[in-house]
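Hi there,

Here is the structure I promised to pass on. Please have a look at it first, and then read my notes underneath.

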Amino acid sequence: DENIGFTISRKTSEQIRNDVMNGSLDCGFVFGNYHIDGLGALELAEIPMRIIGPANWEQELVNCTIDELVKFSWIFMYSDCPFYDASNKVLKGRLSKLNITTRVDDEDQILNLVASGFGISIIPEETLRIPGKADNLYIHPDLGMKVTLSFIYPKRRENHQAIATVLENLS
């Protein structure tokens, strides 16, 4: 019987998906809905997303509508990021109107750039609960933006003991 190894690493959801599909990872946790042939996905939770800005921009941002937020400089994720689709829903199709000055695929980099005054962005609310992560940031009121947290695995291996056990415990 083949063993399954568990590795905790910091990768984008897209990288994890690709690694699970090509067999270099046995399974993984990702943001987004992945309904792809050959890939099993268990949707675990809806994670709230929040718009953030530099703390010293609070007075400018606090009462902004979506149309007004679109006019700010944005630090944004790449289009293959699950946050991109969630953002588009809340921004009501205005992504093409955003003034995207920087594209980043790492939450810590986004937090640092926003805190430094380079622009505003979108980040998972849970990240902002980690001590020190929300320092020097303004957190905009909740706009109902969410992204799905999923556990993915190759469908051909869903009956493997380790994957079946994880699925059973997550369900």
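Below is what I found, grouped by region.

**Confidence**

Please keep in mind that this is a predicted model. The mean pLDDT over the chain is 87, and 96% of the residues reach at least 70. Of the chain's elements, β6 has the highest mean pLDDT, at 96, while helix α4 (residues 82–90) has the lowest, at 74.

**The strands**

Strand β2 (39–54) pairs with β7 in the antiparallel sense, over nine bridges. In that pairing, Pro48 has Lys146 of β7 as its bridge partner. β2 also runs antiparallel to β5, with four bridges joining the two; here Arg50 stands opposite Ile123 of β5.

Strand β7 (residues 146–154) is mostly covered, as seven of its nine residues are buried. Besides β2, β7 has β1 as an antiparallel partner, and four bridges join β1 to β7. Within this pair, Phe31 is found opposite Leu149 of β7.

β5 (121–124) has buried residues pointing both ways: Ser121 and Ile123 point to one side, Ile122 and Pro124 to the other, and all are buried. The general pattern behind this is that side chains in a regular strand alternate between the two faces of the sheet.

**Helix α5 and its surroundings**

Which residues of helix α5 are buried? In this helix, which spans residues 107–115, they are Ile110, Leu111 and Val114. These three lie on the same side of α5, because they cover an arc of only 100° around its axis. In an α-helix there are 3.6 residues a turn, so residues three or four places apart point the same way. The buried residues of α5 pack against β2, β3 (73–76), β5, α6 and β6.

Both ends of α5 deserve a look. At the N-terminal end, Asp106 acts as a cap, with a side-chain oxygen 3.1 Å from the backbone nitrogen of Asp108. Just after the helix comes Gly117, with a positive phi of about 95°.

In the loop that leads from β4 (99–103) to α5 sits Val104. Is Val104 buried or exposed? Val104 counts as buried because its relative accessible area is 5%, and the cut-off for buried is under 20%. Residues up to four places away in sequence aside, Val104 touches Ile75, Phe76, Met77, Tyr78, Gln109, Ile110 and Leu113. Val104 and Phe76 are 28 residues apart in sequence, yet their C-alpha atoms are 6.1 Å apart in space.

**Charged residues that are buried**

Two residues that you may like to check are Arg17 and Asp26, since both count as buried, at 17% and 16% relative accessibility. Arg17 is part of helix α1. What does the side chain of Arg17 meet in a polar contact? The partner is the side chain of Glu14, at 2.8 Å. With neighbours within four places in sequence left aside, Arg17 is also in contact with Val30, Tyr34, Ile36, Leu39 and Ile152.

Asp26 belongs to the loop between α1 (13–22) and β1 (28–31). The side chain of Asp26 makes a polar contact of 2.7 Å with that of Arg157.

**Backbone and cysteines**

One backbone angle stands apart from the general rule. Most residues other than glycine have a negative phi. Asn136, although not a glycine, has a positive phi of about 65°. Asn136 is in the loop between α6 (125–128) and β6 (137–139), and is exposed, with a relative accessible area of 55%.

How many disulfides does the structure hold? There are zero. As for the cysteines themselves, Cys27 is buried, with a relative accessible area of 12%, and Cys64 is buried too, at 14% relative accessibility.

If you open just a few places in your viewer, I would suggest the cap at Asp106, the contact between Asp26 and Arg157, and the positive phi at Asn136.

Best wishes, and happy viewing!

How values were computed
Residues are numbered from 1 along each chain as its sequence is written. This is a predicted model: local features need pLDDT of at least 70, side-chain atom pairs count only at pLDDT 80 or more; totals for chains, interfaces and linings use all residues. Side-chain values use heavy atoms; hydrogens and water are left out. Buried means under 20% relative accessible area, exposed over 50%, partly exposed in between (1.4 Å probe, protein chains only). A polar contact is a pair of N or O atoms within 3.5 Å; within protein, one must be able to donate a hydrogen and the other to accept it, and residues adjacent in sequence count only if both atoms are side-chain atoms. The arc is that of the directions from the helix axis to the C-beta atoms. Contact means heavy atoms within 4.5 Å. A disulfide is a pair of cysteine sulfur atoms within 2.5 Å. Two strands pair if DSSP finds at least two bridges between them. pLDDT is the predictor's confidence in each residue, from 0 to 100.
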